[in-house]
Amino acid sequence: MNFLNWRTEAELRQIITDESLDYDIRIKAEEERLRRKYPSCKIPGCHSIAKTTWATVPVCECHKATLTTEQLDYYAEVIKKGERTLIYTIGPYLPWKRGAAWPGQGSACI
Ligand SMILES: [Zn+2]
């Protein structure tokens with residue numbers, strides 16, 4: 001359980017700037033503040049903060065770079081469609097896949 005969960009934004013900022021506190025506590029407070037501000041990366045197994053998007057899907061900077069490389073390799077015919085592994089992991093979140101991926105929530109594409 002994270003004891004910083006119930007802290008307000010102002011309290012978190014106070015912890016972050018209080019130099020008398022332990023460095024680890026201040027880092028954890030900053031992580032909690034960022035977690036509230038940004039969604040988490042949608043790549044399965046990645047718990048990084050998503051400060052950017054790829055095809056409107058929140059992803060971290062590292063995975064965006066990998067997805068972009070994968071896309072460029074695909075269009076340059078360096079890799080084939082089936083070798084684009086990372087994009088399939090965020091398939092359910094892609095706007096053009098939502099209708100098919102979440103049939104229980106109704107189809108977005110009629
Ligand atoms: Zn990520």
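Visitor: Before V57 comes up, what puts two residues in contact here?
Guide: Two residues are in contact if their C-beta atoms, placed from the backbone, lie within 7 Å. Leaving out neighbours up to four places away in sequence, V57 is in contact with K42, I90, Y93 and L94. This is a predicted model.

Visitor: Which residues form the largest nonpolar core?
Guide: That core has nine residues, and V57 is one of them. The others are C41, I43, A50, W54, V59, C60, L67 and I90. I90 also appears among the contacts of V57.

Visitor: Any general background for that?
Guide: In soluble globular proteins, nonpolar side chains tend to be buried together.

Visitor: How much of the protein chain is buried?
Guide: Buried residues account for 12% of its 110 residues.

Visitor: New topic. How many helices and strands are there?
Guide: The protein chain has five helices and two strands. Starting at the N terminus, their order is α-α-β-β-α-α-α.

Visitor: What about helix α3: where is it, and what span should it have?
Guide: Helix α3 covers residues 61–75, which is 15 residues. At 1.5 Å a residue it should span 21 Å, and its end C-alpha atoms are 21 Å apart, so the two agree.

Visitor: What follows α3?
Guide: E77 does, and its phi is positive, near 60°.

Visitor: Back inside the helix, how exposed is D73?
Guide: D73, which lies in α3, counts as partly exposed because it has 14 C-beta neighbours inside 10 Å. Setting aside residues up to four places away in sequence, D73 touches V78 and I79.

Visitor: And E83, where is that?
Guide: E83 sits in the loop between α3 and α4, the latter being residues 85–89.

Visitor: Buried or exposed?
Guide: E83 is exposed, with 10 other C-beta atoms within 10 Å; the cut-off for exposed is 12 or fewer.

Visitor: How far is E83 from D73?
Guide: Their C-alpha atoms are 9.9 Å apart, with their positions 10 residues apart in sequence numbering. For E83 and E70, 13 residues apart along the chain, the C-alpha separation is 8.7 Å.

Visitor: Where is confidence highest and lowest?
Guide: Helix α3 is highest, at a mean pLDDT of 95, and helix α5, residues 98–101, is lowest, at 55. Over the protein chain the mean is 85, and 86% of residues reach 70 or more.

Visitor: Which residues stay under 50?
Guide: Residues 101–110 do, and the model gives them seven contacts beyond four places in sequence. Where pLDDT is low, the predicted coordinates should not be read in detail.

Technical notes
Residues are numbered from 1 along each chain as its sequence is written. This is a predicted model: local features need pLDDT of at least 70, side-chain atom pairs count only at pLDDT 80 or more; totals for chains, interfaces and linings use all residues. Helices (H or I, at least four residues) and strands (E, at least two) are DSSP runs, numbered from the N terminus. A residue is buried if 20 or more other C-beta atoms lie within 10 Å of its own, exposed if 12 or fewer, and partly exposed in between; C-beta atoms are placed from the backbone. The expected span of a helix is 1.5 Å times one less than its number of residues. A nonpolar core is a set of buried Ala, Val, Leu, Ile, Met, Phe, Trp, Tyr and Cys residues joined through C-beta atoms within 7 Å. pLDDT is the predictor's confidence in each residue, from 0 to 100.
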